[in-house]
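Hi,

Here is the structure I promised to pass on. Have a look at it first, and my notes follow below.

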Amino acid sequence: MLNIISILIGLSTIPFILIGAIPFLGWSLWIVLLFLVLGTIVGAMSSSNGGRNFNIVLMLVAGFRLFLGGGIF
């Protein structure tokens, strides 16, 4: 059950990651990263690793976008 919740948290952040990819809206990715950390923690408490790994991949994508924009853009 926790794995499904973790995957749902990750899926719900995908639209916001896409919005954060627009120039000058990269600051919103900081909020998205907080939810992805929450999803990773929930996924770590699960017996399966799928949700945790999914959230980690999304964190890497959002973190790379923040890196490209200098953390703000």
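Apart from its neighbours within four places in sequence, Gly-43 is in contact (heavy atoms within 4.5 Å) with Ser-6, Ser-48 and Arg-52. Gly-43 belongs to helix α2; helices here are DSSP runs of H or I with at least four residues, strands are runs of E with at least two, and both are numbered from the N terminus. With a relative accessible area of 1%, Gly-43 is buried (buried is under 20%, exposed over 50%, partly exposed in between, using a 1.4 Å probe and protein chains only). Its C-alpha is 5.3 Å from that of Asn-3, although the two are 40 residues apart in sequence.

Before the rest, a word on the source. This is a predicted model, in which local features need pLDDT of at least 70 and side-chain atom pairs count only at pLDDT 80 or more, while totals for chains, interfaces and linings use all residues. Residues are numbered from 1 along each chain as its sequence is written, and side-chain values use heavy atoms, with hydrogens and water left out.

The chain has three helices and zero strands, in the order α-α-α. Its C-alpha atoms fill a box of roughly 40 × 15 × 15 Å along the principal axes. The radius of gyration is 12 Å, which agrees with the value near 11 Å for a compact globule of 73 residues (taken over C-alpha atoms; the rule is 2.2 Å times the number of residues to the power 0.38). Of the 73 residues, 36% count as buried.

Now for the helix pair. α1 (2-20) and α3 (residues 50-68) pack at about 15° with their axes 8 Å apart; axes are lines fitted to C-alpha atoms over the stretch in contact, and angles run from 0 to 180 degrees between N-to-C directions. The two helices are therefore roughly parallel (under 35 degrees; over 145 is roughly antiparallel, 65 to 115 roughly perpendicular, the rest oblique). Among the residues making the contact are Asn-3, Ser-6 and Ile-7 of α1 and Gly-50, Phe-54 and Arg-65 of α3.

One last spot to check is Phe-24, in the loop between α1 (2-20) and α2 (28-44). Phe-24 has a positive phi of about 70° although it is not a glycine. Most residues other than glycine have a negative phi. Phe-24 is also exposed, with a relative accessible area of 59%.

Best wishes
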